[in-house]
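Subject: Structure for you to look over

Dear colleague,

I am passing on the structure below, and after it you will find an account of what turned up when I went through it. Please read the two side by side.

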Amino acid sequence: MVAETLKVTPRAALGYFGPRLTGGTRVAKPMTRDIQMLQDDNAVVAQTLQVKEDDVVANIRQSVIWRKLSSDGGWKIQHLHTTIIGRPAAADAKAFSKAAPSGIRVLNEKIATISAVLGVAQ
């Protein structure tokens with residue numbers, strides 16, 4: 001296995017990915033949101049978000065399938081898909097030289113990698 005060869009542990013992964021996932025200021029602003037109830041216990045939320053992380057802005061499209069559990073009556077995510085619309089850009093011209101337009105893309109890939117490890121359907 002790759003994990004055995006590279007000796008990847010949860011602590012090592014957190015040490016590597018943790019600062020990037022928790023170190024910046026991130027604000028997600030909904031631009032559009034559509035909710036469709038499929039049954040009394042299933043819903044699909046399709047939304048477009050503008051995500052600003054530090055000095056980088058990206059627009060993303062996200063679809064989330066929610067299911068209401070009968071055991072505790074709470075809603076839980078059953079499936080999540082996120083894609084970037086266009087290319088991330090600097091929030092303003094002065095910040096462009098300092099910003100890394102690929103920053104949010106990398107964050108998205110890290111979340112996808114972590115989601116796969118945790119068993120979340122892609």
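Setting aside residues up to four places away in sequence, T48 touches K29, P30, M31, T32, I60, R61 and I85. Please keep in mind throughout that this is a predicted model. T48 lies in strand β2, and with a relative accessible area of 14% it counts as buried, because that value falls under the 20% cut-off. Its side chain also makes a polar contact, at 2.8 Å, with the side chain of R61, a residue that is on the list of those T48 touches.

Q47, found in strand β2 as well, is buried too, at 8% relative accessibility. Which side chains make polar contacts with the side chain of Q47? One is the side chain of R33, at 2.7 Å, and another is the side chain of Q62, at 2.6 Å. When neighbours within four places in sequence are left aside, the residues in contact with Q47 are T32, R33, I60, R61 and Q62, and it may help to look at these beside the residues listed for T48, where T32, I60 and R61 appear again.

A further residue of strand β2, which covers residues 42-53, is E53. Is E53 buried or exposed? With a relative accessibility of 5%, E53 counts as buried, since buried means under 20%. The C-alpha atoms of E53 and A28 are separated by 8.5 Å, although the two residues stand 25 places apart along the chain.

From these residues I turn to the strands themselves. Strands β2 and β3 run antiparallel and are joined by 12 bridges, and within this pairing A46 stands opposite S63 in β3. The two strands form a hairpin with two residues between them, in which D54 takes a positive phi near 55°. Strand β3, made of residues 56-68, pairs in turn with β4, again in the antiparallel sense and over 12 bridges. S63, which faces A46 on the β2 side, has H81 as its bridge partner in β4, and I60 stands opposite I84 in β4. How many residues lie between β3 and β4 in their hairpin? There are six, and G73, which sits in the turn, has a positive phi of about 75°.

The next residue to look at is W75, which is found in strand β4, a strand that covers residues 75-90. W75 is described as partly exposed because its relative accessible area is 35%, which falls between the cut-offs of 20% and 50%. Leaving out neighbours within four places in sequence, W75 is in contact with M37, D40, D41, N42, A43, W66, R67 and K68. For one of these, N42, the distance to W75 is 8.9 Å from C-alpha to C-alpha, while the separation in sequence is 33 residues. W75 also takes part in a nonpolar surface patch of about 320 Å², which it makes together with I35 and M37. A residue must have over 30% relative accessible area to belong to such a patch, so the 35% of W75 meets that condition.

Finally, here are the features of the chain as a whole, which should help in placing the details above. The secondary structure comes to three helices and four strands, and along the sequence these follow the pattern α-α-β-β-β-β-α. The chain has 122 residues, of which 21% count as buried, and T48, Q47 and E53 have each been described above as buried residues. The chain exposes about 8700 Å², and carbon and sulfur atoms supply 57% of that area. Among the contacts between residues at least 6 apart in sequence, 42% join residues at least 24 apart.

With best wishes

How values were computed: Residues are numbered from 1 along each chain as its sequence is written. This is a predicted model: local features need pLDDT of at least 70, side-chain atom pairs count only at pLDDT 80 or more; totals for chains, interfaces and linings use all residues. Side-chain values use heavy atoms; hydrogens and water are left out. Patches are made of residues with over 30% relative accessible area and no salt bridge: like charges are joined within 9 Å, nonpolar side chains (Val, Leu, Ile, Met, Phe, Trp, Tyr) within 5 Å. Accessible areas come from the Shrake-Rupley method with a 1.4 Å probe; for residues, only the protein chains shown count as cover. A salt bridge is a side-chain nitrogen of Lys or Arg within 4 Å of a carboxyl oxygen of Asp or Glu. Buried means under 20% relative accessible area, exposed over 50%, partly exposed in between (1.4 Å probe, protein chains only). Two strands pair if DSSP finds at least two bridges between them. A polar contact is a pair of N or O atoms within 3.5 Å; within protein, one must be able to donate a hydrogen and the other to accept it, and residues adjacent in sequence count only if both atoms are side-chain atoms. Contact means heavy atoms within 4.5 Å.
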